[in-house]
Amino acid sequence: MQKKLRVAIVGMGEMGMVRAVIAKGLSQYELVSVIDSRGTFARLAGKQLGVSHYKSYAKAASSEEFDALIISTPYASHYELGTEAVRQGKHVFCEKPLAGDSRKAMEMHRAAVKKGALTQVGYNWRFHPTFKKAKELVEAGVMGELKYAGLKVYKSEVTRPEEKADRKNREERFGFYGALGVHGLDLWLWFGGRPASMSAQTTRVFSSALSDLISAVCRFENGVHGLADLGWSHHGFVDKDELALFLTGTSGTMTVNADRIEMYLEKECGGMPCGDSLIYASEIPYHTEFWFTHRGLSHEMEAFASSVLDGKKPSPSWYDGYLVDRLVEALEESGRNNSVISPVIEESE
Amino acid sequence: MKLPKIMLGSNPFHAVSYRGSDERKEFRRRFADVDSVYRVMERSADLGVRGFHSYAKDTEIKAIVRLRERLGDSMTVVSILPDIYGAMSRQAGEGAQDKNLAKIKLLLKNMPSLISAGVTGNLVPMIDSILKTELNVIKVTSPNFIFLHGTLTDMACVTDQRSLLQLFKDKVLERGAVPGLTTHNLGMVCAKLKAMGLRFPVIEAPFNPRGFMMQPSVEKCLELRRELTDVCFIGKKVLAGGSVPPREGIAYAYRTAGVHCTVLGIGSVSEADETFSAGKEILGDEYTAQYDIEPF
């Protein structure tokens, strides 16, 4: 009989429901409980999903047996829930951003390491077929040695002055970063490496807490450098795939977004032809037991379950979550002070 | 009810493309008015197509109504419900174009049934209200078939929501149409329908030579297609998001997968010529064939 990961989900908003539906659809999971501080949401989700429901994690943990917790609450509660769960020996999958604060993110990571808990953060764009394939190609050396990693993330979400409700909503979501920015920054680090120094310019067009437009140049520890151009106050960008990477190596260049990989290679390599080539996402084999709403989400959850069931470290880990949180702080600090920053990056262990 | 062998899809009309944001932007511009949607439908009709898919979107509905005036009962309309964000906006009322605002208004409007659902776990009254609105929106197109949107089908099946699926089926039958399901998870949906003791006469699912969105696997989808002899299968994503030439995709769907019908999204008049000509070539006399589908 197949071994299953017994899991509880906390936070039954839109994302929590998506996670629950996917967990129901993947045979690696056994959904045990749902938790939401809003009793009505918890009860409704529990009844719909046919599982027990609770208003607090503590109550669920003391009443039910589960191996792992999926945290789908707003980011401000990730630290408290995440540390509590790993201290109780639960393996934890946490939505992005990990904590929105690098100190808290590192504490979460260290608490998990100390207890031997396996952790993953919800940077699901890594599991999207095009970005996954691009990573494989880069690591196979088809472009030679990577020298440049550029990132573009454009959205049209905040294009008018901030009202009181907007402000609360944006703060709860970690502003532009929480909307899509951190996904892009995670991909940037995944390809570029850990940041060594950077200089950013940031602008608050309509928001008051965090920047709406961010431009930065970064030198990564491995010598790669890159430009990042991000923001949610650009007009007319309604597609999610306005998130793209532009990569250049010693023998090729690649542009990757959610729809396709465009490549130019100076010479044939790894099965990829010399000159121009184009790979659509729909041409990349992608099979999952259950697909729901977004390419990448099912594979991300499959990866978490497989890692935990096999006792292997999941990726992206909470340390990766820490790196993104640290990068956001560095971008904001550099932009605020108009300065070049060499962010202090703590080691994983 | 007649279900044509080959049908026109509607994804490009609401700017769905798997080829990139440039094409999505182009589709948004190109199909912003009724005339542009109608032109593609009309050309497809000239090429012998008699089956037309439609979402509950204003431009598509108006174009279908106009085409119905020309083709009368010889055309078959397949409506996909609900268009989720459209439904939310309609439930929320005028001025709720913003997605977040629409969500908030939808929740507020449905708060009594939502609270009731929270207490009893019964979502049926809320879904009933949404379906009622959406069925009224598409009424003018006189739909022959009404299919449940793939996201809702998948969600309802994986969470064993028999009452929701039954509600949908009953509502569609009440309107004199044949109910069907669309899905991106054929394996799961077929297994769940069997376990729930529910039957739908038509299931629309991806079938293409790339295996694009054929979950859980190409082999399993082909096996289900062969085994479920009482279901009429419509192949969608036949061209694998535009990455397969029409001739290859259509030949695979009918000859390898053995689906009864296909639905093909067309982005322009010239694309209609290319795609449906390939269909004619592959299907021969069968090109204009229609299946007589009875609701279970």
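What follows is a walk through part of chain B in a predicted model, moving from a barrel of strands to the helices that pack in the same chain.

In chain B, eight strands close into a barrel, and their order around it is E2-E3-E4-E5-E6-E7-E8-E9, with parallel pairing. From one strand to the next, the twist averages 25 degrees. One of the pairings can be followed in detail: strand E6 of chain B, residues 178-182, runs parallel to strand E7 of chain B, residues 202-206, and three bridges join them. Within this part of the barrel, B:Thr182 has B:Glu204 of E7(B) as its bridge partner. Against the sheet packs helix H3 of chain B, residues 58-71, which touches strand E3 (51-55) and strand E4 (76-81) of chain B and whose direction makes about 150 degrees with that of E3(B).

The other packing to consider is between two helices. Helix H7 of chain B, residues 124-138, packs with helix H9 of chain B, residues 162-174, at an angle of about 30 degrees, and their axes are 10 Å apart. Because angles under 35 degrees count as roughly parallel, H7(B) is described as roughly parallel to H9(B). The crossing in which H7(B) passes H9(B) is right-handed. On the side of H7(B), the contact is made by B:Val124, B:Ile127, B:Asp128, B:Leu131 and B:Leu135, while H9(B) contributes B:Ser163, B:Leu164, B:Leu167, B:Phe168 and B:Lys171. Taken by character, the residues of this contact between H7(B) and H9(B) divide into seven nonpolar, one polar and two charged.

Conventions. Residues numbered from 1 in each chain as written. Chains lettered and ligands numbered in written order. Predicted model: local features only at pLDDT ≥ 70, side-chain atom pairs only at ≥ 80, totals over all residues. Axes fitted to C-alpha atoms, helices over the stretch in contact; angles between N-to-C directions. Helix = DSSP H or I, 4+ residues; strand = E, 2+ residues; numbered from the N terminus. Parallel < 35°, antiparallel > 145°, perpendicular 65-115°, else oblique. Left-handed = near helix turned anticlockwise from the far one by under 90°. Contact = placed C-beta atoms within 7 Å. Nonpolar A, V, L, I, M, F, W, Y, C, P; charged D, E, K, R; others polar. Pairing = 2+ DSSP bridges.
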